[in-house]
Amino acid sequence: MTGSRTGGHAVVLGASLAGVLAAAVLARHYGAVTVVDRDDLPLEPRPRTGLPQARHVHQLWSSGGRAIDRILPGMTAELFAAGARRIGIPRQHVSLTAFGWQHRFPESQYMISCGRPLLDHLVRRRALAGERVTLRGGTQAVGVTGDARRVTGVRLRSVADGSTSELPADLVVDTTGRASVMRRWLAGLGAGETPEDVVDSGITYATRTFRMPDWAGDDFPGVSIHADHRDGQPGRNGQLLPIDGGRWIVTLSGTRGGEPPAGDDDFLRFAGTLRDPIIAELVAAAEPLTSVQRSRSTANRRLYYEALPQWPDGLVVLGDAVAAFNPVYGHGMVAAARGAGVLEAELRRGGEPGEFARRVMRGVAAVVDEPWTLATSQDICFPDCRTVSRDPRLNRHAGTRQRFADLVGATATRQPVVSAAVVEVTTLSSSSECLGAPEVVAALRSGPTHPELREPPFTPEERARLRRSGRGRPLAATT
Ligand SMILES: Cc1cc2nc3c(=O)[nH]c(=O)nc-3n(C[C@H](O)[C@H](O)[C@H](O)COP(=O)(O)OP(=O)(O)OC[C@H]3O[C@@H](n4cnc5c(N)ncnc54)[C@H](O)[C@@H]3O)c2cc1C
């Protein structure tokens, strides 16, 4: 059998990023693709019930943009044309890391910053435009049909009237995100118990959007304040990003014991108690456009579907439904897009149907492994992080690994070669093996080349704007 399944029918459960990218891929290989979502999907960029995380900061790293562009060529250009901001990293971002202020060295990667509703809308519109694709909103998936050897379709329920139906499919793709219950459905088919890991630092998100003040102009940098995982305290973070529509989105977060409050009045106060109060200072006089919105669905959760002794033909699981990460690291959308890329590669490769689905699941497991390790190895440093894990890397040599990570992180703030390597890793542009490259090791041995910064490193021009706006304080110059 070849990769072409023209004439076949594929069903995608969930029409968020992983789902619509999978649908775009499948439309090149199947005669018909049905995308099912329990939401009635809006025709314009709007928040929706099934995507509650869309109210919070959603940074899309450049590696994720490239993965989306491979499936939908020109997609990131479309996002920028619609108002998404391109934030060069580290040049266009003011960041207090665990180890101090990051020098604004030349850009080596970037972040795409826009409201998640805009991204959701534009990518869905492009991805589902083909005539082979049908979207069924207001339809909840409630089960799969078939047996442990082969999934043959899905059971659906109308959200409007509760009526149920079955939809046969040659391939079912589950992209229902953190809400996925495929683990339970598979057990019901007799496929066995899927091993699951949860690493939960209890992080809570609280977000508010503001009208960007005129003085900020088009190019005022984003700002991040990160927790210091070494101080034994709950981790508390803040991020301010410019997004489409002339807005600032501000997300504050805290791990268990350090959660941000829900009230509008307490938002600024919490921002003012971060390791530096700059975010509170910046938004103090800005006009709020929303109330504070909170989320707690943030634990790292990974399902090891590739470890099941038998995997049913005709079933693939992608995106957050396989592995969801603490969103502070901004890796979910990269992993979702790369998972859809694995599906594309395996469809092109062809092979026996049973082998195909299993190979996709192995490929997806490889894609999620790096963001999983990055997030969980950091999160376990915070107090009262609840961990149920079969991953031996979380315990074995954890102390040695953390000491190396701390050395790298501390040097990166003041050494451009190490900084560029860290940016490669944190944006998922290269694997963490790049930290062992000879030039990086040499730079680590020589140590920092730049002085320690004591204040947010705004440029002289940015500081002049801050002074004119009345937000001035003696701030350090940039690199
Ligand atoms: C608070 C928060 C902040 C985040 N910030 C970032 C960030 O900055 N950068 C980043 O890269 N990632 C971020 N993420 C992760 C990112 O949102 C996801 O990785 C991304 O949306 C891809 O997920 P997905 O498509 O697999 O699932 P989701 O986006 O969760 O979508 C699941 C879809 O399935 C539908 N659905 C659910 N159940 C059913 C059902 N039974 N039947 C039919 N439809 C169903 C839902 O309506 C929804 O449309 C964040 C996540 C959270 C929670």
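In which loop is Leu428 found? In this predicted model, the residue sits in the loop between helix H11 (416-426) and H12. Leu428 also has a positive phi of about 60°, although it is not a glycine. With a relative accessible area of 5%, this leucine is buried, since buried means under 20%.

Asp384 makes a handy companion to Leu428. Here too phi is positive, at about 60°, and again the residue is not a glycine. The loop that holds Asp384 runs between helix H9 (353-379) and strand E22 (386-388). Its cover is another matter: Asp384 has 45% relative accessibility and so counts as partly exposed. One more backbone detail turns up at Ile89 and Pro90, which are joined by a cis peptide bond with omega at about 5°. Pro90 belongs to the loop between strand E4 (85-89) and strand E5 (93-97).

Stepping back to the whole chain, there are 13 helices and 22 strands to keep track of. For 479 residues, a compact globule would have a radius of gyration near 23 Å, and the chain has 23 Å, so the two agree. Along its principal axes, the C-alpha trace spans about 65 × 45 × 40 Å. Some 56% of the 479 residues count as buried. Contacts reach far along the sequence as well: of those with a separation of 6 or more, 73% are between residues 24 or more positions apart.

On the outside, the accessible surface comes to about 19,000 Å², and carbon and sulfur atoms account for 51% of that. As for charge, the chain carries 58 positive and 51 negative charges, and the mean positions of the two sets are 1 Å apart.

The aromatic rings come next, with a count of 6 aromatic pairs. One of these is formed by Phe220 and Trp248, a tilted pair with 6.5 Å centre to centre and 50° between the planes. Phe220 is in the loop between strand E14 (204-211) and strand E15 (222-225), while Trp248 is in strand E17 (residues 247-254), so that the pair links distant parts of the chain, 28 residues apart. Both Phe220 and Trp248 are buried. Phe220 has a second partner in Phe458: the ring centres are 5.4 Å apart and the planes are at 25°, so this pair is stacked. Phe458 lies in the loop between helix H12 (438-446) and helix H13 (460-468), and the pair therefore ties together parts that are 238 residues apart in sequence. Phe458 is buried, as is Phe220. Add Trp215, and ring pairs link Trp215, Phe220, Trp248 and Phe458 into a cluster.

Trp248 shows up again around Phe210, a residue of strand E14. Phe210 is buried, with a relative accessible area of 3%. Leaving aside residues up to four places away in sequence, Phe210 touches a list of residues that includes Trp248, Val250, Phe267, Val283 and Leu289. Arg116 is 94 residues from Phe210 along the chain, and their C-alpha atoms are separated by 15 Å.

Last comes Asp313, placed in the loop between strand E19 (300-303) and strand E20 (315-317). At 15% relative accessible area, this aspartate is buried. Setting aside residues up to four places away in sequence, Asp313 touches Arg149, Arg150, Val151, Pro353 and Gly354.

How values were computed:
Residues are numbered from 1 along each chain as its sequence is written. This is a predicted model: local features need pLDDT of at least 70, side-chain atom pairs count only at pLDDT 80 or more; totals for chains, interfaces and linings use all residues. Side-chain values use heavy atoms; hydrogens and water are left out. Helices (H or I, at least four residues) and strands (E, at least two) are DSSP runs, numbered from the N terminus. The radius of gyration is taken over C-alpha atoms; the globule rule is 2.2 Å times the number of residues to the power 0.38. Buried means under 20% relative accessible area, exposed over 50%, partly exposed in between (1.4 Å probe, protein chains only). Contact means heavy atoms within 4.5 Å. Accessible areas come from the Shrake-Rupley method with a 1.4 Å probe; for residues, only the protein chains shown count as cover. Lys and Arg count as positive and Asp and Glu as negative; His and the chain ends are not counted. The place of a charge is taken as NZ of Lys, CZ of Arg, CG of Asp or CD of Glu. Rings of Phe, Tyr and Trp (its six-membered ring) pair if their centres lie within 6.5 Å; planes under 30 degrees apart count as stacked, over 60 as edge-to-face and the rest as tilted.
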